[in-house]
Amino acid sequence: MADVYSEYQLKHVINASGKMTILGVSKVPEVAIDAQRFGDTHFFEIADLVDQTGAFIAKQLGAEGAVVVNSASAGIAEAIAGLIGHGERYHAYHPFDTRYQKREIVMPKGHNVDYGAPEEVMIELGGGHLVEAGYANMCTPEHVDMMITDQAVAVLYVKSHHAVQKSMLTIKEALDVAHAHQLPLILDAAAEEDLKQYVDMGVDIVIFSGAKALEGPASGLVFGKKQYIDWLKLQSVGIGRAMKIGKENILGFTAALTHYLEVGSESGEDMKKRLTPFVDALNDLPHIHVTAVQDSAGREIYRAALSVDEDSPKNAKQITTELKSGDPAIYTREYRANEGIIEFDIRAVDQAEMDAITSRLQEILGEK
């Protein structure tokens, strides 16, 4: 096979940013690639493929229903459209008809984040009207409760490192408020890892990215209460037509999920062991101080957090720019660069790449 990097004049990339869409998200396991290859070379009755893989996944998770979609974003939009239309085919054909007045989606203000696209864009794409509850730094169950009117169709909760963590109600509290009003809770848990806990909790609609923690191909997974999943699936003849997923990715994701449930992801303890020599090597460089830190949203993910000294000739933003400008381009987590902090996510980084990162930083920062 031709060298793709040379053929298309592409840079090599070291992904120390995490499971990020801008870098292609994850490395897909061989078992999923094999399943994709089978899908690529065979035909199916697609509606049956969607139903049967969904039933297979639901059984694995202990959920009432499940469906593979083309992304977590599509899952948000289609789930909301399904709730507004209540499974009516007329709505699927006319999703923005004014006869459907109940369109409000209530979510904590601190959860209306941009994860690569704003949450509110997906809400509006599904025909919903966003209603923000609480404030950027606080949202209680009472804040959500007071914003629910007879025009509401769901409460939406975002479980993500992107969302505000401080003084936020829990998923269980959001679920209780939603159910007190006979509304479903939609949980955007795109990059989370433990799927079954949300089934056990009784969350009505759960949305995962297929390509992040689960390491599948480009895809999304929606699971939860059967009625809501059935309503979502009807969107395949409406807005979902623009979001359809191919047969190869349905099979690839299903195989990847089975593999994930059997094998799991790298443990936090193993991550910390791999981090130790990397952190030690980085601390030998000038103008920085490096420690191992846990993911801010509480996941069992550990990263190297690099703090740039005040006397450094280059600030964190300049360092990240130079890291990305080379070949290989080194991508980091830059969310706190304005505070002088850069994080390195090593889940998709091997020892040779860690050595390359250390060497490049030494070039940028100079000798100690």
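This text leads the reader through a pocket, the charged pairs, the aromatic rings and some backbone features of one structure.

The structure is a predicted model, in which local features need pLDDT of at least 70 and side-chain atom pairs count only at pLDDT 80 or more, while totals for chains, interfaces and linings use all residues. Residues are numbered from 1 along each chain as its sequence is written, and side-chain values use heavy atoms, with hydrogens and water left out.

The second largest pocket is a suitable place to begin. A pocket is an open set of points on a 1 Å grid over the protein atoms alone, where a 1.4 Å probe fits and protein lies on both sides within 12 Å along at least five of seven lines; its lining residues have an atom within 4 Å of a point. The second largest pocket holds about 460 Å³ of space, a volume being the space filled by probe spheres set on the points, which are joined across faces, edges and corners. Its lining has 20 residues, and those nearest the centre are I46, V50, S236, K244 and I245. Helices (H or I, at least four residues) and strands (E, at least two) are DSSP runs, numbered from the N terminus. At least two lining residues come from each of α3 (46–61), β2 (65–69), α10 (226–233) and α11 (247–263). The greatest contribution is that of α3, with four residues. By character, the lining of the second largest pocket comprises 10 nonpolar, four polar and six charged residues; here Ala, Val, Leu, Ile, Met, Phe, Trp, Tyr, Cys and Pro count as nonpolar, Asp, Glu, Lys and Arg as charged, and the others, Gly among them, as polar.

The text now turns to charged pairs. Side chains of opposite charge can pair when their charged atoms come close. A salt bridge is counted when a side-chain nitrogen of Lys or Arg is within 4 Å of a carboxyl oxygen of Asp or Glu, and by this rule there are 16 salt bridges. One of them joins D34 to R37, with the closest N and O atoms 2.9 Å apart. Both residues belong to helix α2 (residues 30–40) and stand three residues apart, about one turn of the helix. For accessibility, buried means under 20% relative accessible area, exposed over 50%, and partly exposed in between (1.4 Å probe, protein chains only). D34 is partly exposed at 42%, and R37 is partly exposed at 48%.

Another salt bridge lies within helix α8 (residues 171–180), where K172 and D176 are four residues apart, about one turn of the helix. Their side chains meet at 3.0 Å, N to O. K172 has a relative accessible area of 43% and is partly exposed; D176, at 39%, is also partly exposed.

A further salt bridge is formed by E343 and R333, at 4.0 Å from N to O. This pair links distant parts of the chain, with E343 in strand β12 (residues 341–345) and R333 in the loop between β11 (329–331) and β12, 10 residues apart. E343 is buried, with a relative accessible area of 14%, and R333 is buried at 5%. Elsewhere, D295, R303, D345 and R347 are joined into one network by salt bridges that share partners.

Aromatic rings form the next topic. Rings of Phe, Tyr and Trp (its six-membered ring) pair if their centres lie within 6.5 Å; planes under 30 degrees apart count as stacked, over 60 as edge-to-face and the rest as tilted. The structure contains six aromatic pairs. In one of them, the ring centres of F38 and F44 are 6.4 Å apart and the planes stand at 50°, so the pair is tilted. F38 is partly exposed at 42%, and F44 is partly exposed at 30%. Ring pairs also link Y198, F208 and F223 into a cluster.

Rings may also lie beneath a charge. A charge sits over a ring if NZ of Lys or CZ of Arg is within 6 Å of the ring centre and within 35 degrees of the ring normal. R99 lies over the face of Y90, 4.0 Å from the ring centre, and the charged end of K272 sits over the ring of Y302, at 4.7 Å from its centre.

Finally, the backbone deserves attention. The peptide bond from D327 to P328 is cis, with omega near 15°, and P328 is found in the loop between α13 (316–325) and β11. S167, a residue other than glycine, has a positive phi near 55° and is found in the loop between β5 (152–158) and α8.
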